[in-house]
Amino acid sequence: MTVNMTKGQAISLQKNDGGTLTAVRMGLGWQAAPRRGLFGSRTREIDLDASAVLFADKQPVDVVFFRHLVSDDGSVRHTGDNLVGGAGQGGDDESILVDLQRVPVHIDQIVFTVNSFTGQTFQEVQNAFCRIVDETNGQEMARYTLDGGGQYTAQIMAKVHRAGSGWQMTALGNPANGRTFQDLMPAILPHL
């Protein structure tokens, strides 16, 4: 069952069978929207970036993004930077994989973000989405549509956090502004 998110919506997600999540993937896909000009329509390349910030007791301790593809402990992995989108034609253009069983015990939250590195707003993209997938069975758990979405350049998408002996996920979908995950830190902190 996929939950379609709206701006600002927070939803606690658990596996349908009541079990705990062991591996998740944040997938990001997009295409540049055509712009009409004097000589017809054309597209301007848009570079969206997926990031995962790892926190221990509300302090950032590691990050996975296009310049640091694997967390220091190896539990979080970015599949690589896509500079223009549209490569998957509806599939994921960038993905971040998290093996929750390998995350060190001191890491208590992982926050997923999406930002427009080239600075365009989400009004300038089409067919853009971010989704969270249970990587153990390929089931999409949450999806947020990014295109046509206002004058912001980033989203605080979701977080996975420790709950008892397992993990729980909360989908956030909060708009923000910034070209990099560093720019987004003030917007992330209230969600910890």
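**Group meeting talk: strands, cores and one helix**

Of the contacts in the protein chain with a separation of 6 or more, 67% are between residues 24 or more positions apart. Keep that in mind, everyone, as we walk through this one, and please remember that we are looking at a predicted model.

Let's start with the overall picture. The protein chain has 14 strands and one helix. It runs to 192 residues, and 55% of them count as buried.

So what sits inside? In soluble globular proteins, nonpolar side chains tend to be buried together. Here the largest nonpolar core has 35 residues, and the members touching the most others are Met26, Val98, Ile110 and Phe112. Which elements give two or more residues to this core? They are β3 (23-32), β6 (48-56), β9 (94-99), β10 (109-116), β11 (125-134), β12, β13 (154-163) and β14 (166-176). There is also a second, separate core of 16 residues, with Val53, Val111, Ala154 and Ile156 among them.

Let me zoom in on Val98. Setting aside neighbours within four places in sequence, Val98 contacts Thr22, Ala23, Val24, Ser75, Val76, Val103, Ile110 and Phe112.

Now for a residue you might like to find on your screens: Arg25, in strand β3. Is Arg25 buried or exposed? Its relative accessible area is 15%, and because the cut-off for buried is under 20%, Arg25 is buried. What does Arg25 touch? Not counting residues up to four places away in sequence, the list is Asp92, Ser95, Ile96, Leu97, Arg131, Ile132, Val133 and Glu135. From Arg25 to Val76 is 51 residues in sequence, and their C-alpha atoms are 9.5 Å apart in space.

Another buried residue is Tyr144, at 3% relative accessibility. Tyr144 belongs to strand β12, which covers residues 139-145. Its C-alpha atom is separated by 5.3 Å from that of Cys130, while the two residues are 14 apart along the chain.

On to the helix, α1, residues 181-188. Its buried residues are Phe181, Leu184, Met185 and Ile188. Looking down the axis of α1, these buried residues fall within an arc of 135°, so they line one face of the helix. The background is friendly to remember: an α-helix has 3.6 residues a turn, so residues three or four places apart point the same way. And where does that buried set pack? Against β6, β7 (59-64), β10, β13 and β14.

Phe181 comes up again when we turn to cavities. The count is two cavities of 30 Å³ or more, and the second largest has a volume of about 30 Å³. Lining that second largest cavity are Asp49, Ser51, Phe65, Phe66, Asn115, Arg179, Thr180 and Phe181. By type, the lining divides into three nonpolar, three polar and two charged residues.

Last stop: the loop between β6 and β7, where we find Asp57 and Lys58. What is the sign of phi in Asp57? It is positive, near 50°, in a residue other than glycine. Lys58 is not a glycine either, and its phi is positive too, at about 65°. As for accessibility, Asp57 counts as exposed at 62%, whereas Lys58 counts as partly exposed at 47%.

That's my tour. Thanks for listening, and I'm happy to take questions!

Terms used. Residues are numbered from 1 along each chain as its sequence is written. This is a predicted model: local features need pLDDT of at least 70, side-chain atom pairs count only at pLDDT 80 or more; totals for chains, interfaces and linings use all residues. Side-chain values use heavy atoms; hydrogens and water are left out. Helices (H or I, at least four residues) and strands (E, at least two) are DSSP runs, numbered from the N terminus. Buried means under 20% relative accessible area, exposed over 50%, partly exposed in between (1.4 Å probe, protein chains only). On a 1 Å grid over the protein atoms alone, a cavity is a set of points where a 1.4 Å probe fits but cannot get out, and a pocket is an open set with protein on both sides within 12 Å along at least five of seven lines; lining residues have an atom within 4 Å of a point. Grid points are joined across faces, edges and corners, and a volume is the space filled by probe spheres set on the points. Ala, Val, Leu, Ile, Met, Phe, Trp, Tyr, Cys and Pro count as nonpolar, Asp, Glu, Lys and Arg as charged, and the others, Gly among them, as polar. A nonpolar core is a set of buried Ala, Val, Leu, Ile, Met, Phe, Trp, Tyr and Cys residues joined through side-chain atoms within 4.5 Å. Contact means heavy atoms within 4.5 Å. The arc is that of the directions from the helix axis to the C-beta atoms.
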